[in-house]
Amino acid sequence: MKPFQIHLPGPPGHIVYPKHQAGHIGKQAGQLGSQAFYPGRQHDYLVPPAGTAGIPVQNQPGRPAGVPWMPAPPPPLNCPPGLEYLSQIDMILIHQQIELLEVLFSFESSNVYEIKNSFGQRIYFAAEDTNFCIRNCCGRSRPFTLRITDNVGREVITLERPLRCNCCCCPCCLQEIEIQAPPGVPVGYVTQTWHPCLTKFTIKNQKREDVLKISGPCIVCSCIAGVDFEITSLDEQIVVGRISKHWSGFLREAFTDADNFGIQFPRDLDVKMKAVMIGACFLIDYMFFERTR
């Protein structure tokens, strides 16, 4: 059955999937593989061996060995520098690294993440830029600057989150994050939408015009299984993607706040909107899955 189509920001021919087909987004990339990337995940994402589908294994000089970096594809027209990596993918996997000092001494350290494609190749490296006092006094509500760099250490995306009250009962201080690509040039915003029961956000472009919605469950908790946040059209009738918090196992979930996320979106979506969805994923992580001290 042909998928429905809707005109959203992005190149012509942009395909958007209805809700009953949302689970199929990005699965084609995994049909060649046989090993599940998340063994406990119900969505059955499969990762082919490195080097298949014409994507070579590549390690960059001066970077940690062991995980191949995704080679940069030719940049599309009017693409911000560094976002060309997002132009040919429909799925992103985000892995937060475990900090040993944080586990042993319960001090909140700066969050560090690896951002990969569905083949397990590293696309970006993300690191939080905050000081010790802010992290340990403000907890999950803390303001931060998150710097995302590519395989040569160039900062390509900057996320800025201001200090806001993290309370659903206070609609005047809702959460927000600004996405810049390159640093200093806003390409979009993610703002929390007040709702008495549900978790809701709005994705905005650089002019702060509403583009997409994000809807999550009433109770956000990953203590038993994964959690899904659906990315929908403005009328919330058509699903165009999904941000998923993956179950990481009992020990990891109980004793650390190192989380695993997956982001699905149409392959031909505007790379700026893909970058904004990455920002939305990090905002959700800090709001709901950071441990409180």
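In the predicted model, Glu84, Asp150 and Arg154 are joined through a network of salt bridges. A search of the whole structure returns 12 salt bridges. One of them pairs the side chains of Arg122 and Glu114, with an N to O distance of 2.3 Å. Arg122 is buried at 3% relative accessibility, and Glu114 is buried as well, with a relative accessible area of 12%.

A further salt bridge is formed by Glu236 and Lys200, whose closest N and O atoms are 3.1 Å apart. Glu236 belongs to the loop between S12 and strand S13 (239-246), whereas Lys200 belongs to strand S10; the pair therefore ties together parts that are 36 residues apart in sequence. Glu236 has a relative accessible area of 27% and is partly exposed, while Lys200, with 13%, is buried. In the salt bridge of Lys204 with Asp210, the closest N and O atoms are 2.5 Å apart. Here Lys204 is buried, with a relative accessible area of 16%, and Asp210 is partly exposed, with 40%.

The protein as a whole contains 4 helices and 14 strands. Of its 293 residues, 52% count as buried. Among contacts between residues at least 6 apart in sequence, 49% join residues at least 24 apart. The exposed area of the protein is about 13,300 Å², of which carbon and sulfur atoms supply 59%.

Strand S8 (residues 176-180) is largely enclosed by the rest of the structure, because 5 of its 5 residues are buried. Glu176, Glu178 and Gln180 point one way from S8, and Ile177 and Ile179 point the other way; all are buried. On the side of pairing, S8 is joined to strand S7 (residues 155-161) by 3 bridges, the two strands running antiparallel. S8 is also joined to strand S9 (residues 186-193), by 5 bridges and again in antiparallel orientation. Glu178 takes part in both pairings: Glu160 stands opposite Glu178, and in S9 the bridge partner of Glu178 is Tyr189.

The hairpin of S8 and S9 has 5 residues between the strands, and within the hairpin Gly184 adopts a positive phi near 95°. The loop between S8 and S9 also holds Pro182. The peptide bond from Ala181 to Pro182 is cis, with omega near -5°.

Positive phi values also occur in residues other than glycine. Arg208 has phi near 65° and lies in the loop between strand S10 (199-205) and strand S11 (210-216). With 40% relative accessibility, Arg208 counts as partly exposed. Arg208 is placed over the face of Tyr189, at 3.8 Å from the ring centre. Tyr189 is thus described both by this contact with Arg208 and by its bridge to Glu178. For Asn78, phi is near 60°. Asn78 is found in the loop between strand S2 (46-47) and strand S3 (91-96) and counts as exposed, at 69% relative accessibility.

The search for aromatic pairs in the whole structure gives 6. The ring centres of Phe229 and Phe288 are 6.2 Å apart and the planes meet at 25°, so this pair is stacked. Phe229 lies in strand S12 (residues 227-232) and Phe288 in helix H4 (residues 271-289), so the pair ties together parts that are 59 residues apart in sequence. Phe229 is buried, its relative accessible area being 0%, whereas Phe288 is partly exposed, with 22%. Phe288 also pairs with Phe289: the ring centres are 6.5 Å apart and the planes are at 70°, so this pair is edge-to-face. Phe289 has a relative accessible area of 7% and is buried.

Ring pairs link Phe229, Phe288 and Phe289, together with Phe261, into a cluster. Phe289 has a charged neighbour in addition: the charged end of Lys245 sits over the Phe289 ring, 5.4 Å from its centre.

Definitions and conventions
Residues numbered from 1 in each chain as written. Predicted model: local features only at pLDDT ≥ 70, side-chain atom pairs only at ≥ 80, totals over all residues. Heavy atoms only, no water. Buried < 20%, exposed > 50% of the residue type's maximum accessible area, 1.4 Å probe, protein only. Pairing = 2+ DSSP bridges. Contact = heavy atoms within 4.5 Å. Areas by Shrake-Rupley, 256 points an atom, 1.4 Å probe, with all protein chains shown as cover. Phe/Tyr/Trp six-rings, centres within 6.5 Å; stacked < 30°, edge-to-face > 60°. Lys NZ or Arg CZ within 6 Å of the ring centre and 35° of its normal. Salt bridge = Lys/Arg side-chain N within 4 Å of Asp/Glu carboxyl O.
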